[in-house]
Amino acid sequence: MGKPTGFLEVDRKTSAKRDISERINDYQEIELINSSEETEKQASRCMDCGTPFCHSGCPLGNIIPEFNDAVYEQNWKYAYEILSSTNNFPEFTGRICPAPCESACVLGINKPPVTIELIEKSIIEKAYSEGWVVPFVPVKRTGKKIAVVGSGPAGLAAAAQLNKVGHSVTVFERADRIGGLLRYGIPDFKLDKSVVDRRVAVMEKEGIEFKTNVNIGVNFKVSKLTSEYDAILIATGSTTPRLISTKGSDATGIYPAMEFLSQQNKRNANIGLEVNHKGEVYTNKNILATAKHVVVIGGGDTGSDCVGTSNRHKAASITQIEVMPKPPVDRAENTPWPNWPNMLRTSTSHEEGANRLWSISLQEFITNDKNELIALKIGDITYDMSNGKMEQKVENIREIPCDLALIAAGFLHTDHGNLFEELTEAGISADERGNIVANGNYQSAQEKIFVAGDARRGQSLVVWAISEGREAARNIDQFLMGKTSLEGKSVSSFDIFK
């Protein structure tokens, strides 16, 4: 433990942010990099607990107290070695992870938790600036060929791990650029795409081959993959949006959030809008919020991203509606430490301006005679206990102006297109939620085909996707070689007592 009294002497301080008046006029990253000195102070707050519950909060099992201590001791290179031993992409998780590790931090019982995410980001950026992030080229190749379908965080993590032990890895991506959700799902103001490009460049130097504009099941058959490769990993994510079927839902002006977000990322990169983030021809080429009354339907991270992007488009107004009740400002009693807390979260996008409404029932999309969206009919959800049982009612029904509705209600399952159909024809089934079935070893009913990430577990976090990719890689290596030296998820003291 670096400083026994650090948590008593140093207050929690998160990353500095660019001023709102400046940042809403561009798409550059909002959060700034802290100085090494400030990060070292934050690291000193870690208590190096005997039972580090932060381990249980992190899907990757990151060895958090150890890298915190190394940062406090100004041994940054050692901190990077510890961090990168369990996390292939700290530059991604350090920017866009909701930090469940911080919710499980022991210090968080009665004080603000350690700024673990900030420290993680600081470590990896220091590593890049100092030249410590170098390609790991295997000394010897195994002769085994592996195809990874999907270049999101799960696919990239699996590719990195499999390449590390000497397998030849090819990553297939149906879009025009590598990154999946990281490329076309996360706004640039949260994750600049140069960060993705920087990592992909390292992976290419390591010997990993990337092929874009290859839509498996369309212009490259699954049967060809199975004949040419020793193992295949399906890591296609959860990309089917949950839409809203109510009166007027076929109106012009209603779009899935991901189409709106991916278009802006393409504009920022000067990429044409003819093809969407799925690699499909997209006819509605210009979804803009400029001078429009925008309503974002859904209160999660994707909805927040729509708010931030609409602010940058200079929308006339932005309203975000959520069916669930407004969460409490502080941690709710039904989600005590170390659980992920039910509490109100205000993102940087919300800080920039939006009207947020909770307990809202969407009654109707209102249109004009051209079937163009002009308003939403909504009502407040209330509960009546007068009959001895809880009955939901909708009151105060009213109209709010809206000529652009962005549906950010989550995702149902992986894409059920040509790839999915070919997999089912090969005997691979889907579960009741529509995700691809795989056993505890991430192996499908076809022994050469493995599944990882959101395609297997459903919509989840980037940190879970990386964990899934790493675990799938370990099982693929075991399948091909009969043994594996790849690291599994670290087991924390807390896990032992589960």
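1. Let's start with a pair of helices. H6 passes H9 in a left-handed crossing. Before going on, keep in mind that you are looking at a predicted model. To find the pair, look for H6 at residues 76-84 and H9 at residues 116-130. Their axes come within 9 Å and cross at roughly 110°. Angles of 65 to 115 degrees count as roughly perpendicular, so H6 is roughly perpendicular to H9.

2. Who touches whom at this crossing? From H6 come Trp76, Ala79, Tyr80 and Leu83, and they meet Glu120, Ser122, Ile123, Ile124, Lys126 and Ala127 of H9. Sort the residues of this contact by type and you get 7 nonpolar, 1 polar and 2 charged. Here's a handy bit of background for reading such lists: an α-helix has 3.6 residues a turn, so residues three or four places apart point the same way.

3. Stay in this neighbourhood and look at H5, which runs over residues 64-72. Its buried residues are Ile64, Pro65, Phe67, Asn68, Ala70 and Val71. What covers them? The cover includes H3 (36-43), H4 (53-57), H6, H8 (100-103) and H9, and you have already met H6 and H9 as the crossing pair. After H5 comes glutamine 74, and its phi is positive, near 65°.

4. Now for the sheet. Five strands make an open sheet, and their order is E3-E2-E1-E4-E15, with parallel pairing. Which strands sit at the edges? They are E3 (209-211) and E15 (449-451), each pairing on one side only. Ignoring direction, neighbouring strands here are turned by 20° against each other on average.

5. Let's walk through some of the pairings. E2 (residues 168-172) pairs with E3 in the parallel sense over 3 bridges, and phenylalanine 172 stands opposite lysine 211 of E3. H10 (residues 153-164) packs on this sheet and touches E1 (145-149), E2, E3 and E4 (231-234). The direction of H10 makes about 165° with that of E2. Angles over 145 degrees count as roughly antiparallel, so H10 and E2 run roughly antiparallel.

6. E4 deserves its own point. It pairs with E1 in the parallel sense over 4 bridges, where isoleucine 232 of E4 is the bridge partner of alanine 147. E4 also pairs with E15, again in the parallel sense, over 3 bridges. In that pairing, isoleucine 234 stands opposite valine 451 of E15. Is E4 covered on one face or on both? Both faces are covered: Ala231 and Leu233 are buried on one side, and Ile232 and Ile234 are buried on the other.

7. Have a look at histidine 413 too, which you will find in E14 (residues 411-413). Is histidine 413 buried or exposed? Its relative accessible area is 14%. Buried means under 20%, so histidine 413 counts as buried. Leaving out residues up to four places away in sequence, histidine 413 touches Ser238, Thr239, Thr240, Arg433, Gly434 and Asn435.

8. Over at the start of the chain, glutamate 9 belongs to H1 (residues 6-9). It is partly exposed, with a relative accessible area of 49%. Where does arginine 45 come in? Glutamate 9 and arginine 45 are 36 residues apart along the chain, and their C-alpha atoms are separated by 8.1 Å.

9. A few backbone details are worth checking as you go. Aspartate 48 has a positive phi, near 50°, and is not a glycine. You'll find aspartate 48 in the loop between H3 and H4, partly exposed at a relative accessible area of 34%. Serine 359 also has a positive phi, of about 55°, without being a glycine. Serine 359 lies in the loop between E9 (355-357) and E10 (360-367). With a relative accessible area of 15%, serine 359 is buried.

10. One last spot: which peptide bond is cis, with omega near 5°? Look at the bond from tryptophan 337 to proline 338. Proline 338 sits in the loop between E8 (317-321) and H16 (348-351).

Methods. Residues are numbered from 1 along each chain as its sequence is written. This is a predicted model: local features need pLDDT of at least 70, side-chain atom pairs count only at pLDDT 80 or more; totals for chains, interfaces and linings use all residues. Side-chain values use heavy atoms; hydrogens and water are left out. Axes are lines fitted to C-alpha atoms, for helices over the stretch in contact, and angles run from 0 to 180 degrees between N-to-C directions. Helices (H or I, at least four residues) and strands (E, at least two) are DSSP runs, numbered from the N terminus. Angles under 35 degrees count as roughly parallel, over 145 as roughly antiparallel, 65 to 115 as roughly perpendicular and the rest as oblique. A crossing is left-handed if the near helix is turned anticlockwise from the far one by less than a right angle, and right-handed if clockwise. Contact means heavy atoms within 4.5 Å. Ala, Val, Leu, Ile, Met, Phe, Trp, Tyr, Cys and Pro count as nonpolar, Asp, Glu, Lys and Arg as charged, and the others, Gly among them, as polar. Two strands pair if DSSP finds at least two bridges between them. Buried means under 20% relative accessible area, exposed over 50%, partly exposed in between (1.4 Å probe, protein chains only).
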